[in-house]
Structure formats: structure tokens, C-alpha cells
Amino acid sequence: DSIPDRVPSAQYPSIGTLGDMYTKDISKYLFDAIVSATGKRPHLVICNIARSKMDANRPIGEAAMGNPIAEMAWRDWQAYLGQAHNDTMAVCGKGLFLEIHGQAHTEGWVEVGTLLTSTDLAKTDAQLLDPSYAEKSSLRNLIATTQVTTPEAVRGNSSLGGLLQAAGYNSVPSPVNPSPNGGNYYSGGYDTQQYGSSTWGTVDGLQLELPRAIRFGPNISDFSTNLSLVVRDFMLRHYLPFPASVPAACSDWLRTALHISQAAASAVPGAAFATQPVVIIKSALGVVQVGDFTSVVTVSASGGSGTLTGVTRVTVIAGVAPFTGLAYDIDDTITLVFSCPGKVSVSQSIVVGTGKSLAVSAATVLRPSVAWRIDAVLGFASLLLLLL
């Protein structure tokens, strides 16, 4: 209440004051989807300042209209985004900034902003190969450091718009809608300019503008889950491999991983576990690798002083590694560690000698640490995919 409503002025005759309704709800659902998919809790930061009071996605003059309290709030918002952006570059070297907005355009499509305008997108793919478009785009770093061309990154099959289109959400730009073709389209705002890679840095940026049909529809939870999968697919395609110097946690969540589908249990010294462990291989998108008949999964025991015996190396069959004959020779509490070259390992703890197995700790390894930050300002939200 201490911040007056923003009103048009001679300097800013046209300002936006309406909130992008339900984008905060979508962000929260997206938060839950990420928790479910990764086993890790994202950071959720909410700014309870209406857009009529302060528009965080504008330069400070238009954002706060000279009000010192609104200016303070704007600086705090930018400080949160700046710290997350810089931490991502320092720890992982690269990342993705995703800002979520809402719009009521009659086309009803999802608009993916990369800072290329409608005029830019009207160019042919051959014309978009001009380096000036890559430099202008908020995906500049992705284009500069991979084999992906500007048209492919912006509207190809592997672009975010292309992946959304394939998931059933009409999107622009995409292979189906390479440009707005005279229709309404938001190309990206202040935050995407600042925290995408168009002017500096190695964190790319995208601005999502969601139509009313998604925001006011009955299935925003499903959309948020699908969006989390699409974003993950986008990063799988364009952000691996990471340099060897980058901590494994930066990229492990994007890699194929081992999962325990059946935990070892009922262990007594010197006898085969009554329940033998079964391990499966899944892609980062959770798909069992049924075509894998060559990977070798190895199990070892850590944390104890005895010896693990039995079949400790298993070649997978259709992505499944069933272990047999595993036994441990003394009373002890051990951790069974399952590993496979090029894949994220998984583990479980078990007590030998009491007949009681501990809870599987696979969840702590199944989706290694990935810090995601969701920053929501009533009418819109910024999602930073921070590979930390």
C-alpha cells in the first residue's frame, strides 16, 4: 500500500499494469513437477508486489515510475536474478533462464521470445544464418558454442517452440509457425535481455508467453508437468556435454541413470540375500532403455569390513540388470553401490545380520542435486534453470 499505482506519464505514456493471471500457479505446479522429476527441491522466491505497483520486467524508470520504495523492490528483484545468474556461470559455466508470462492474444499460441522480432523471424532460414541474428538472440551462447544454427535454435525441431509444438501446444516460432506472419508476438523483455546471453555471459534466456487457454484451463498442472519435460529435453539436446572441470552435479540430472527397481533385503551373514536387487537403466526423461543389451552394471559394498560375494557384474537385458547370489559374510551395516560407465550411480543401505533392511537411499542419488529457482511476481514468474 505504500507504493502508489503506476500511471502513464509524458515519458511513459503507455504502461502495462495488468497481472498475467495464473502464471504464479503454473510456476508452483512447475516447481512440484521438478521436485517429482529430480527428487530435489527447487528454490521458490515470491515477490508480492503487483504489476500495477512495480513492473519488474522493465527498466527501473518505467518499472517504478520514480517511487523510491518501488525502486528498492526492483533492485532487490534484479539482485536475486543477478546473483543466481552469476552463480550459475561461476559453478557450471552455462545455464538457462526461462521467464514465464501470460498474454491474451487472439492466436492462442505459446510465444517463445528469443529477442528476435517478428520482422527478424519473417526472414528465411538462410537469411537467419547471418551472424548478426545469433548475436542479437538471447540464445547467443548456445549458438556460439554448439553446432546448432540460429534458425534451428530459434524455430527448429529441437527449439523450445519446436518441442512444445511436438508436445501438442501450438507455438511460435516453431517448425509449424516459423514466424508470427503478421500475428501478435512478444519477443522478450528487459529480464531476458539482461539474463539471457545476447549481450554477455553464458546463461541463455527465453521468455514464454502463455495464452489464456492454458492459464485459465482445467489442466495447468498437466501443462506444467509437460513443460518441465520439454525444458529438460531442450537442455538434454543443447547443454551436454559439460566441460570436464564442471562438477558432476551440474549435469548428472541430465544424464542416463541407474535406478533401483527392487532393493536387496533380508540379509544374514554368509547367505544369499533373500531378496536380490534389480537395477534398471533410464534416460534423463525417465524412459527405460529397453534397447540396451551391452551395458555392464557393477555392485560393490562400502562402509563395512566384510566381503561382498556373488555375481557382482551383470550385463543388462533390455535395460534391466538382475543380480543373483549376492551375500555378505559378517554382521554389518553396508551400502550397496551400483555403477555403470557413463551413467549416474545409485545406492542402497542394508543391515546384514538382523534380517532388517534399511530404506533405499536411491532417491538421494537418483536425481543428483540441481538447483532451480522460481521467482514469481504476482502476474508473472521467472524460472532460472540453474545447473548447480
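Let's start with a strand pair: strand E13, residues 332–339, and E14 run antiparallel, joined by 7 bridges. Two strands count as paired if DSSP finds at least two bridges between them. Strands are DSSP runs of E with at least two residues, helices are runs of H or I with at least four, and both are numbered from the N terminus. One bridge to look at: Leu-336 has Gln-348 in E14 as its partner.

Before going on, the ground rules. This is a predicted model, where local features need pLDDT of at least 70 and side-chain atom pairs count only at pLDDT 80 or more, while totals for chains, interfaces and linings use all residues. Residues are numbered from 1 along each chain as its sequence is written, and side-chain values use heavy atoms, with hydrogens and water left out.

Back to the sheet. E13 and E14 belong to an open sheet of 4 strands, ordered E10-E8-E13-E14, with antiparallel pairing. Its edges are strand E10 (313–315) and strand E14 (346–352), each pairing on one side only. On average, neighbouring strands here are turned by 20° against each other, direction ignored. Axes for that angle are lines fitted to C-alpha atoms, for helices over the stretch in contact, and angles run from 0 to 180 degrees between N-to-C directions.

Next sheet. This open one has 3 strands in the order E6-E7-E11, again with antiparallel pairing. Which strands stand at the edges? They are E6 (257–262) and E11 (320–322); each has a single partner strand, so one side of each lacks a neighbour in the sheet. The twist averages 25° from one strand to the next. E6 pairs with strand E7, residues 278–282, over 5 bridges in the antiparallel sense. There, Gln-262 has Val-278 of E7 as its bridge partner.

Now strand E5, residues 203–210. Is it buried or exposed? Buried: 8 of its 8 residues. Buried means under 20% relative accessible area, exposed means over 50%, and partly exposed lies in between, with a 1.4 Å probe and protein chains only. Val-203, Gly-205, Gln-207 and Glu-209 point one way; Asp-204, Leu-206, Leu-208 and Leu-210 point the other. E5 has strand E2, residues 95–102, as a parallel partner over 8 bridges. Phe-97 bridges to Gly-205 in that pairing. E5 also runs antiparallel to strand E3, residues 110–113, with 3 bridges. Glu-111 stands opposite Glu-209 of E5.

E5 leads us to the core. The largest nonpolar core has 29 residues. Such a core is a set of buried Ala, Val, Leu, Ile, Met, Phe, Trp, Tyr and Cys residues joined through side-chain atoms within 4.5 Å. Those with the most contacts inside it are Val-110, Leu-160, Leu-164, Leu-206, Leu-208 and Phe-234. Elements supplying at least two residues each include E2, E3, E5 and helix H12 (220–238). H12 gives the most, with 7 residues. As a general point, nonpolar side chains in soluble globular proteins tend to be buried together.

Last stop, the segment before helix H1 (23–38). Met-21 sits there, and counts as partly exposed because its relative accessibility is 45%. Leu-18 is in that segment too. Why does Leu-18 count as exposed? Because its relative accessible area is 65%. Its C-alpha is 6.4 Å from that of Arg-51, although Leu-18 and Arg-51 are 33 residues apart in sequence.
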